[in-house]
Each structure stands twice: as C-alpha cells, then as structure tokens.
Amino acid sequence: MSAALSQGGPIGVFGGTFDPVHHGHLRTALEVLEGCGLEQLRLIPAHVPPHRPQPRAPAELRLEMLRRAVAGEPRLVVDDRELRRGGPSYTVDTLAELRAEVGTRPLCLVLGADAFLGLPGWHRWRELPGLAHLVVVERPGTRLEPDAVLAGLLAGRRSPDAAALARSSAGLLWQQPVTPLDISASAIRALLAGGGDPRFLVPEAVRELLMASRCYPSIAGPAAGSKEAQRSAKQETGITG
Ligand code: ATP
C-alpha cells in the first residue's frame, strides 16, 4: 500500500464509457468533489463495459479526450487502470484494487441516477457498499426510485450529511445535489453522426479531437469500432497505442 495514498480525505471514483466525455460528466464531477469534500475524484474509463453496448470510439481516444478535458484541474484525475487491466471492466474489481491501495481511507463511488438504478444488474453488486460509499446524483430524465431489491440493500445506509462520508471508509449512501445538465454521450454521438457540431456540450479541447478523429461517423463513413475507423481516428489525432 502506498503511504501517500493511504492518508488524506475521501477519494471519489467516477466510472463510465466517456464515449465521449462531456460537460454533464465534468460539471457533475466537480460539484461532487466540492460538495462531498473529496480530495480527488478519479475518472475511470471502462475498457469493456459489461452492462451496456460497447463504446464506439477507441479506448486510446476516449482516454485522451478525458485527459484533455481535465487538464488544469488537478483534483480530477484520469485513472486508466481498467484499460490497462483489459477484459470486462467490473466496478467491484476496480474498487477492490483501490481499496488495497488506500487502506481505510474513504472511497466514494459516484453514480448518475441511471447507473445507480441499474446496479442490481452489475457483477457482485452487493459487495459494492462494503468497498465504498455510494454517492448518487440526479440526472434529467431519470426518476430516482430504487426498486425493492436496491432499496433493501441500501436501507439504513443513508448518510446524515456529506461530511459523514469522511468519517468512515465505506458503506453509506449519499445523494449529492448537482446542477441538472441534460447532456448525454449518445446524443453527442448522434449529433456528430448527423454532421452536427458539439460546441459547448464538450470542452473545446475535446471538440477538436472529436472533429479531427471523426470517430462517430455517419452511415457514409467506416463502421464505428471497425479497424478502419480506429486506424483513421489514431492517424487524425496522432494518438498511438
Ligand atoms: P451514453 O449516452 O452513451 O449512455 P452517458 O452520457 O450516460 O453515455 P457514461 O460514460 O455512460 O455517459 O456515464 C458515466 C457516468 O456519468 C454514469 O454514472 C452516468 O449516470 C453519469 N452521467 C453521464 N451524464 C451525466 C449527466 N448529464 N448528469 C449527471 N450524471 C451523468
């Protein structure tokens, strides 16, 4: 265990496909970081998300977009462990790895409402509260009404306030208010595929990569995720790997 990592305030964990990262992710990440008193929030792109369709953009490009998006905000840290690990990106494995690194330091798993409501479909999901606090944020278009199974697991876990997250390692549930931003990666992909411009939905540095890579082609371009599309994305952006 690294001495530096095992001491200090809570660490947030925000996973996703980030296909592409957008201001809905970034503003939410910052408001959770500040509202929950986190020392840092790790943005962790999934390699192979087990619970949803596979990402369209190559992993290296999703990672590079994330890195450019958070440049200048040192409290938002891009963590590429799931891409390095390969295989299905199970959150329980990621949290177990982090737990081994941070000792008893609080970990907070950040979930948008849609991800939170889907938890009962996740691999070994009942183990998650043993590894981290769950911090849930509302998302426009999703009503936060846990079904009976989820509610059962979470009964008695509600945190009285955000400050309590720093006083134990894991196990609490906290709903953090954030500015509602109705932005989704799928809408951005559809916009790009239709020839649209995602200006102001994503950071400018991300937009430049998106426009150069043409990684979400319209039906006229090479099939997304195909070798040809991936090669072209890498050539256009200069990303290697
Ligand atoms: P897609 O549209 O492809 O499903 P997405 O925009 O939901 O993508 P993901 O990378 O799947 O983005 O989401 C990662 C995490 O970020 C999830 O917990 C999700 O709920 C959350 N999230 C995404 N967009 C928002 C948003 N606009 N507001 C709050 N949370 C969000």
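**From a central strand outward**

In this predicted model, residue V136 has Q175 as its bridge partner in β6. The strand β6, which covers residues 173-175, pairs with β5 in the parallel sense, and three bridges join the two. V136 also has a counterpart in another strand, since L111 stands opposite V136 in β5; here the pairing is between β4 and β5, again parallel, and it runs over five bridges.

The surroundings of β5 can be followed residue by residue. On one side of the strand lie H133, V135 and V137, on the other L134 and V136, and with all of them buried both faces of β5 are covered. Because five of the five residues of β5 are buried, the strand is largely enclosed by the rest of the structure. For the chain as a whole, which has 241 residues, the buried share is 48%.

From β5 the path leads into the largest nonpolar core, which holds 41 residues, and V135 is among the members that touch the most other members, together with V21, V32, L41, L43, M65 and L210. At least two residues of this core come from each of α1 (23-35), β2 (40-45), α2 (59-70), β3 (76-78), β4 (107-112), β5 (133-137), α8 (185-193) and α9 (204-213). It is α2 that gives the largest share, namely six residues. L43 illustrates how such a member is surrounded: leaving aside residues up to four places away in sequence, L43 touches F14, F18, A29, L66, V70, L76, V77, V78 and D79. Apart from this core lies another, of 24 residues, which includes V13, I44, L107 and L173.

The open space of the model can be described in a similar way. The largest pocket contains about 860 Å³ of space, and 42 residues line it, with G15, G16, R52, D114 and A115 lying nearest its centre. Its lining draws at least two residues from each of β1 (11-16), α1, α4 (91-102), β4, α5 (113-117) and α8. By residue class, the lining of the largest pocket divides into 19 nonpolar, 16 polar and seven charged residues.

Seen over its full length, the chain has a secondary structure of ten helices and six strands. When contacts between residues at least 6 apart in sequence are considered, 74% of them join residues at least 24 apart.

Terms used. Residues numbered from 1 in each chain as written. Predicted model: local features only at pLDDT ≥ 70, side-chain atom pairs only at ≥ 80, totals over all residues. Heavy atoms only, no water. Core = buried A, V, L, I, M, F, W, Y, C linked by side-chain atoms within 4.5 Å. Buried < 20%, exposed > 50% of the residue type's maximum accessible area, 1.4 Å probe, protein only. Helix = DSSP H or I, 4+ residues; strand = E, 2+ residues; numbered from the N terminus. Contact = heavy atoms within 4.5 Å. 1 Å grid on protein atoms, 1.4 Å probe; cavity = no way out; pocket = protein on both sides within 12 Å on 5 of 7 lines; lining within 4 Å. Points joined across faces, edges and corners; volume = space filled by probe spheres on them. Nonpolar A, V, L, I, M, F, W, Y, C, P; charged D, E, K, R; others polar. Pairing = 2+ DSSP bridges.
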